[in-house]
Amino acid sequence: RIANDAWMQDKSIGPLQDAQQAMKFARQHASQWNLDANRIGAVGFSAGGHLASSLATHLNPLIANPENINVRPDFLVLVYPVISMDTKVTHLDSRKALLGEKPSKERIKFFSNELQVTATTPPTLLLHAVDDKLVDVKNSLLFLEALKSAGVPVEAHLFEKGDHGFILIARDRWQGPILQWLISNGWLNVKRN
């Protein structure tokens, strides 16, 4: 669901509830889908990066979970992500869509995911273009620093030029590092002939 006051009691947590439900559902059906239930990650681009990083840093389930299924992703790939809700860093339209016109300081802090990183945050790969005019690269840098401080394995690829959406970067140039990171960290098994 897209965050919306019309159909959500609290639009700021609706997307996170959906992401947690998706993680729960994937783990419940992992064997049926021939997946390893302990190697399920989250990937997020732009505002989706905020949702994925929220999933990785807000570990208290906001959904019914009587089976106590782990809703934390095992790894995280964030591409030009919105991370912070701080006005000096955030993408203001993303903040407004999620938190409304005048969010409280508590809501801003809660959804500034660089402030929510702990040692239990999963290993993360960050990709961002330094010249991104829509989502400031500071979002990725703040998350990188928080992960490093918490002792969480993190790798970052910063591109000098690429703008938002990597419209100026050849697809294999930014997708290659993702695939390599997934394989080298054992998140993705590639069958070799």
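In this predicted model, Leu35 is partly exposed, with a relative accessible area of 43%, a value that lies between the limits of under 20% for buried and over 50% for exposed residues. Leu35 is located in the loop between helix 1 (14–28) and strand 1 (42–45). Together with Phe25 and Trp33, Leu35 forms a nonpolar patch on the surface, and the accessible area of these residues together is about 300 Å².

A contrasting environment is found at strand 3. Of the 6 residues of strand 3 (residues 124–129), 6 are buried, so this strand is largely enclosed by the rest of the structure. The burial extends to both faces of strand 3, since Thr124, Leu126 and His128 are buried on one side, while Leu125, Leu127 and Ala129 are buried on the other.

The pairing of strand 3 with other strands was then examined. Strand 2 (residues 76–79) runs parallel to strand 3 and is joined to it by 4 bridges; within this pairing, Leu76 has Thr124 of strand 3 as its bridge partner, and Thr124 is also one of the residues buried on the faces of strand 3. Strand 4 (residues 154–159) likewise pairs with strand 3 in the parallel sense, in this case over 6 bridges, and His157 in strand 4 stands opposite Leu127, which is itself a buried residue of strand 3.

The connection between strand 3 and strand 4 involves a helix: strand 3, helix 5 (residues 138–150) and strand 4 together make a β-α-β unit that is right-handed.

Note on methods: Residues numbered from 1 in each chain as written. Predicted model: local features only at pLDDT ≥ 70, side-chain atom pairs only at ≥ 80, totals over all residues. Heavy atoms only, no water. Buried < 20%, exposed > 50% of the residue type's maximum accessible area, 1.4 Å probe, protein only. Helix = DSSP H or I, 4+ residues; strand = E, 2+ residues; numbered from the N terminus. Pairing = 2+ DSSP bridges. Right-handed = clockwise from strand over helix to strand, strands pointing away. Patch = residues over 30% accessible without salt bridge, like charges linked within 9 Å, V, L, I, M, F, W, Y side chains within 5 Å. Areas by Shrake-Rupley, 256 points an atom, 1.4 Å probe, with all protein chains shown as cover. Salt bridge = Lys/Arg side-chain N within 4 Å of Asp/Glu carboxyl O.
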